[in-house]
Amino acid sequence: MGTHRRPRQRVTGGGRARTAATITLAGAATATGLGGTGHADPQPTAAQVRAEVDKLYQQAEVATEKYNGAKEKADAAEQRLEKLRDQAARKEDRLNSAREALGSVAAAQYRSGGLDPAVQLMLSADPDRYLDGAAFVERAGSRQTAAVGRVRKELRDIERLRGAARVELTSLTSRRAELKRHRETVTGKLETARRLLSRLTAEERAGLADGTGDRASRSASAPRTGLPASAQAPNSRAAAAVAYAYQKLGSPYVWGATGPNAFDCSGLTQAAYRAAGVSLPRTTYAQIDTGRRVSRSELLPGDLVFFYSGISHVGIYVGKGQMIHAPNPSAPVRVAPVDQMPFAGATRVA
């Protein structure tokens with residue numbers, strides 16, 4: 001029995017040791033898992049980081065376009081408010097002038113004593129002169145009536161303008177709150193992407209900056225004059241927009257920027273066509289409704305090409321299946337294939 005007990009004790013002891021070791025390893029795995037590393041939660045691969053960062057950039061771009069739209073509306077509301085305030089100020093100046101005129105007439109009547117005209121005629125040493133004066137008083141009375149009318153009109157106009165200004169101020173306040181929400185969304189997404197990228201080596205980050213694979217890398221290094229797109233453009237305005245986009249290759253992506261040294265995607269297209277003498281709205285979802293829709297097979301240099309179901313990205317087609325666009329904070333303005341992202345539509349604005 002002793003010989004039987006000894007092996008059982010060894011097995012039991014070994015089991016305790018293995019159990020303790022298992023608990024220790026499990027605890028270590030749990031602890032490292034909470035920190036984002038270890039066997040329970042392995043370090044993401046560069047491909048996984050790229051996929052997640054691309055997703056975050058796309059979400060940030062959606063929020064950026066909403067921010068751009070809200071800013072455009074806020075700027076318009078601010079301009080309307082300023083215009084209303086200027087109009088009210090001019091009305092107040094006219095009101096003050098009308099009040100002064102009314103006060104002058106009232107003072108003149110007070111100085112005349114306000115006597116009955118018949119009594120003034122009897123007491124007058126020069127009836128002819130008095131009659132001339134009586135006519136003046138009558139005219140003064142007419143002017144007084146007109147002055148009162150002007151004062152009342154200016155007061156009504158000022159109150160109307162102030163009411164309109166209150167409405168615009170309420171709208172502006174709401175737009176500014178909306179701007180703040182979208183700004184926080186954008187900066188939050190970009191900060192999360194930055195933290196993810198910090199997990200990669202410098203070499204992996206450089207590969208990610210090249211785009212989504214070899215195809216984007218080749219397009220990113222395409223020569224600025226390698227595509228004779230401007231010669232194929234349907235008109236001079238489209239050619240000018242394409243030429244502007246080529247000049248801006250290498251410019252950094254900055255969300256909310258419209259040039260001349262940095263751009264977001266719709267800021268680049270707006271700036272390119274502004275240089276060509278064409279005014280585009282600020283956002284992707286407004287730009288797609290500008291001009292005439294064209295199919296993918298009809299694309300010509302200068303056409304705007306849009307991506308994703310929410311119309312959150314835009315580029316300028318330059319021919320041969322290529323576009324120039326401002327991709328995201330990890331990459332500058334570059335040439336890229338149109339089929340790099342989910343195609344949503346195209347429009348010809350010039």
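This passage describes the confidence of a predicted model and the surroundings of its strand β2.

The structure is a predicted model. Mean pLDDT over the chain is 76. Of the residues, 67% reach 70 or more. Confidence varies between the elements of the chain. Helix α6, residues 214-220, has the lowest mean pLDDT among them, at 38. Strand β2 has the highest, at 98.

Two segments are assigned low values. Over residues 1-38, pLDDT stays under 50. The model has eight contacts beyond four places in sequence for residues 1-38. Residues 118-123 also stay under 50 in pLDDT. For residues 118-123, the model has six contacts beyond four places in sequence.

Strand β2 spans residues 304-307. Its side chains alternate in direction. Leu 304 and Phe 306 point one way. Val 305 and Phe 307 point the other way. All of these residues are buried.

Strand β2 pairs with strand β3 and with strand β6. Strand β3 covers residues 313-319 and runs antiparallel to β2. Four bridges join β2 and β3. Within this pairing, Phe 307 has His 313 of β3 as its bridge partner. The hairpin of β2 and β3 has five residues between the strands. In this hairpin, Tyr 308 adopts a positive phi near 75°.

Strand β6 comprises residues 343-348. Strands β2 and β6 are likewise antiparallel and are joined by four bridges. Here Phe 306 stands opposite Gly 345 of β6. Phe 306 is thus placed by two descriptions: Phe 306 is buried and points the way of Leu 304, and Phe 306 faces Gly 345 across the β2 and β6 pairing.

Note on methods: Residues are numbered from 1 along each chain as its sequence is written. This is a predicted model: local features need pLDDT of at least 70, side-chain atom pairs count only at pLDDT 80 or more; totals for chains, interfaces and linings use all residues. Side-chain values use heavy atoms; hydrogens and water are left out. Buried means under 20% relative accessible area, exposed over 50%, partly exposed in between (1.4 Å probe, protein chains only). Two strands pair if DSSP finds at least two bridges between them. pLDDT is the predictor's confidence in each residue, from 0 to 100. Contact means heavy atoms within 4.5 Å.
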